[in-house]
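Let's read a fold together, one feature at a time. Take a look at the sequence and the structure, and then we can talk.

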Amino acid sequence: VTEHRPDVIHIQNHFGIGRSLAAVARARGIPLVATNHFVPENFAVHVHVPTPIKRRAIDWTWSDVARVLNGAATVTTPTRTSAALLRSHGVRSPLRVISGGIDLSVFGVSTSEPPATLPGTELKTCLFVGRLEPEKHVDDLLRALRILRERLDARLVVVGNGSQLEPLRRLARQLDVDRYVVFTGFVSEAALLDFYRQCDMFCMPGTAELQCLAALEAMAASRPIVVANALALPELVRPGVNGYTFRPGDAADLAGRLLDCLVDPNTTIRMGLMSRQMIACHSLDRTIESFEACYEAVTFGTSGRRAS
């Protein structure tokens, strides 16, 4: 910091290096921009302690987040929901909502790698992309698939890895839908683009999403989305226009919303096109412009002169 003499310090979390740089910014009078994508509840599911202790730990962690972020000239966060969450947990610094941003230019363009192989392309395909951890609730999606298949010849492609991979494989067998579920594990960026192009729709049943870049990518690929009515996910959906929300944990409701998107090909296409239109406000170019404006504001203020 002494050598480069930055005009602004920007941290991406309140841990480790971020916390240290926040202290440096405060000590040297350098404007601090802090971005928050953190939700303590996401980590709490992995800590096996009694619920009262877990609740106290979550509350303490939120207090710690607020202590660091309240030293920032501006705090950015990707959604209105996440901004409200920060306010409710004691963050007093000015807040700006700036999307994580999607490079729209990469979608709809052929990749240099062969298309990902998905046998049985006549089936309606629902796609999930993400970490296979408890808070993603992919088990609800497997249960919904069993119900959906009573009405529609459909299958599920699960892209990602995590601690729940083997339990989910076992559950698929128990539900007798394993023939209609493809677990890909980790895939390359090129293969992931192919999966977005080859699916009919995207689903995110997670309940701890502050934005969900995978859903944004699916929208950029002109796919309808069905997401849990939880945290920030509803911000991505206009029900009946580009997809639907469903009641978290309700496999029957989820199956019904999947069916609404998939039963009529014209509806699937129309909703996908609306997703592509709606994603424009999340373009990477707009995100970069927003951060540039943020840096200018904390450096020069509203007067146009360098802030002291």
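**Confidence, sheets and helix packing**

A: Welcome! Before the folded parts, note that residues 302-308 have pLDDT under 50 throughout, and that the model has nine contacts beyond four places in sequence for them. This is a predicted model, and that is a good reason to begin with confidence.

Q: Over residues 109-120, where pLDDT stays under 50, how many contacts beyond four places in sequence does the model have?

A: For residues 109-120, another stretch with pLDDT under 50, the model has 23 such contacts.

Q: What is the mean pLDDT of the protein?

A: The mean is 89, and 89% of the residues reach 70 or more.

Q: Let's turn to the sheets. What is the order of the strands in the open sheet of four?

A: Read across the sheet, from one edge to the other. Here the order is β1-β2-β3-β4, and the pairing is parallel. The strands β1 (9-11) and β4 (95-97) each have a single partner strand, so each has one side without a neighbour in the sheet. On average, neighbouring strands are turned by 20 degrees against each other, direction ignored.

Q: How many bridges join β1 to β2?

A: Three bridges link β1 with β2 (residues 32-35), and the two strands run parallel. For a specific pair to find on screen, try H10, whose bridge partner in β2 is V33.

Q: Which strands does helix α4 touch where it packs on this sheet?

A: Helix α4 (residues 80-88) touches β3 (74-77) and β4, and the direction of α4 makes about 160 degrees with that of β4.

Q: Now the other sheet. What is the strand order in the open sheet of six?

A: Going across, you meet β7-β6-β5-β8-β9-β10, again with parallel pairing. At the edges are β7 (181-185) and β10 (243-246), each pairing on one side only. From one strand to the next, the twist averages 20 degrees.

Q: How many bridges join β5 to β8?

A: Two bridges connect β5 (residues 124-129) and β8 (residues 201-204), which run parallel. Look for C126, which stands opposite M201 in β8.

Q: Which strands of the sheet does α5 touch?

A: Helix α5 packs on this sheet against β5, β6 (154-159), β7 and β8, and its direction makes about 165 degrees with that of β6.

Q: What describes two packed helices?

A: The general idea is to give the angle between their axes and the distance between the axes. For α5 (residues 138-148) and α9 (residues 251-262), the angle is about 60 degrees and the axes are 8 Å apart. That angle makes α5 oblique to α9, and the crossing of the two helices is right-handed.

Q: Which residues make the contact of α5 with α9?

A: From α5 come D140, L141, R143, A144, I147 and L148, while α9 brings A251, A252, L254, A255, L258, L259 and L262. By class, this α5 and α9 contact has eleven nonpolar, no polar and two charged residues.

Q: At what angle do α5 and α6 pack?

A: Helices α5 and α6 (residues 165-174) pack at about 15 degrees, with axes 10 Å apart. That makes α5 roughly parallel to α6, and α5 passes α6 in a right-handed crossing.

Q: Which residues of α5 and α6 meet?

A: On the α5 side are V138, D139, L142 and R143, and they meet L168, L171 and A172 in α6. The contact of α5 with α6 divides into five nonpolar, no polar and two charged residues.

Key. Residues are numbered from 1 along each chain as its sequence is written. This is a predicted model: local features need pLDDT of at least 70, side-chain atom pairs count only at pLDDT 80 or more; totals for chains, interfaces and linings use all residues. Side-chain values use heavy atoms; hydrogens and water are left out. Two strands pair if DSSP finds at least two bridges between them. Axes are lines fitted to C-alpha atoms, for helices over the stretch in contact, and angles run from 0 to 180 degrees between N-to-C directions. Contact means heavy atoms within 4.5 Å. Angles under 35 degrees count as roughly parallel, over 145 as roughly antiparallel, 65 to 115 as roughly perpendicular and the rest as oblique. A crossing is left-handed if the near helix is turned anticlockwise from the far one by less than a right angle, and right-handed if clockwise. Ala, Val, Leu, Ile, Met, Phe, Trp, Tyr, Cys and Pro count as nonpolar, Asp, Glu, Lys and Arg as charged, and the others, Gly among them, as polar. pLDDT is the predictor's confidence in each residue, from 0 to 100.
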